[in-house]
Structure formats: C-alpha cells, structure tokens
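Dear colleague,

I am handing over the structure below, and I would be grateful if you could read the notes that follow alongside it.

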Amino acid sequence: HNRIELDYCAACHGVWFDAGELELLLGSLGLEGAGRLLADIPEAAEADTGEEKRRCPFCRRKMKKVDLEEKVLVDLCPQGEGIWFDGGEVGDLIGRLAEKTPCQPGVMQNAIDFLGEVIKPWE
C-alpha cells in the first residue's frame with residue numbers, strides 16, 4: 001500500500017508492520033499526528049490480558065501485549081522489529097485515529113481505501 005509492503009495473513013487477517021512501517025502508513029493516510037502515540041509504544045505497560053503471547057517472526061522472542069487507543073490490543077516485538085495487529089485491529093486503530101484528526105480533507109477516505117485494500121480477498 002503506497003509503497004509500504006505489508007505482511008498479511010490470509011488465514012487470520014492479521015497484519016505485521018516492520019519497524020517504521022506503521023508511521024509511514026499513518027503519514028500516507030494523513031494521520032501524521034499519530035506519531036505521539038507511536039513514540040510511546042515501546043515504554044507502554046504490558047496489557048493485562050489472558051491472550052496467549054505471540055512470538056516475533058524475526059527474533060522469535062515472545063512479544064509484549066500493548067493496549068492502544070482504548071481497546072486496540074497489539075503485539076510488540078521486544079527488540080523493536082515491529083508490531084502485529086490481529087484481524088480487525090489495524091482497522092480499529094485507523095478508524096479511531098481518523099476520528100480524532102481535526103478536519104483534514106480526505107483522511108477518512110484514505111483510511112477507507114486502505115482498509116479496502118487490506119481486507120480484500122487474496123487469491
């Protein structure tokens with residue numbers, strides 16, 4: 001999407017963002033102001049959840065569960081390799097951030113276009 005290579009699981013609809021890719025995506029959607037949220041992710045406290053921890057596809061260490069923007073639970077690589085979003089979570093985050101972006105033309109349409117690309121059937 002917009003020269004950002006996303007790793008997408010057709011089985012569970014999850015999306016992996018390598019380090020820096022989420023920032024690029026949000027910038028391409030007109031959500032540059034979300035950088036404050038992303039800057040705080042590595043220091044965020046681990047979420048209290050019963051969900052099983054995933055292993056990072058790169059370093060193979062167990063990832064930290066972090067709660068973003070009220071109920072968007074993501075998996076964060078402890079080595080900073082990237083972020084995993086379960087199916088629907090990336091859409092939830094983008095939707096919440098788009099709602100908070102004051103009157104920038106096209107932000108919501110950009111988000112809808114992106115989500116349409118991510119959730120389209122893969123052959």
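Here is what was found, beginning with the conventions.

This is a predicted model, in which local features need pLDDT of at least 70 and side-chain atom pairs count only at pLDDT 80 or more, while totals for chains, interfaces and linings use all residues. Residues are numbered from 1 along each chain as its sequence is written, and side-chain values use heavy atoms, with hydrogens and water left out.

The structure holds two aromatic pairs (rings of Phe, Tyr and Trp, the last by its six-membered ring, with centres within 6.5 Å; planes under 30 degrees apart are stacked, over 60 edge-to-face, the rest tilted). Trp16 and Phe58 form a tilted pair, 5.9 Å centre to centre with 40° between the planes, and this pair links Trp16 in strand β2 (residues 15-18; strands are DSSP E runs of at least two residues, numbered from the N terminus) to Phe58 in the loop between α2 and β3, 42 residues apart. Phe17 and Phe85 have ring centres 5.4 Å apart and planes at 80°, so this pair is edge-to-face; Phe17 lies in strand β2 and Phe85 in strand β5 (residues 82-85), 68 residues apart. Both Phe17 and Phe85 are buried (under 20% relative accessible area, with a 1.4 Å probe and protein chains only), and Trp16 is buried at 3%.

Asp75, in strand β4 (residues 72-76), counts as buried because its relative accessibility is 0%. The side chains of Asp75 and Lys65 are joined by a polar contact of 2.7 Å (a pair of N or O atoms within 3.5 Å; within protein, one must be able to donate a hydrogen and the other to accept it, and residues adjacent in sequence count only if both atoms are side-chain atoms).

Kind regards

Notes
Helices (H or I, at least four residues) and strands (E, at least two) are DSSP runs, numbered from the N terminus. Buried means under 20% relative accessible area, exposed over 50%, partly exposed in between (1.4 Å probe, protein chains only).
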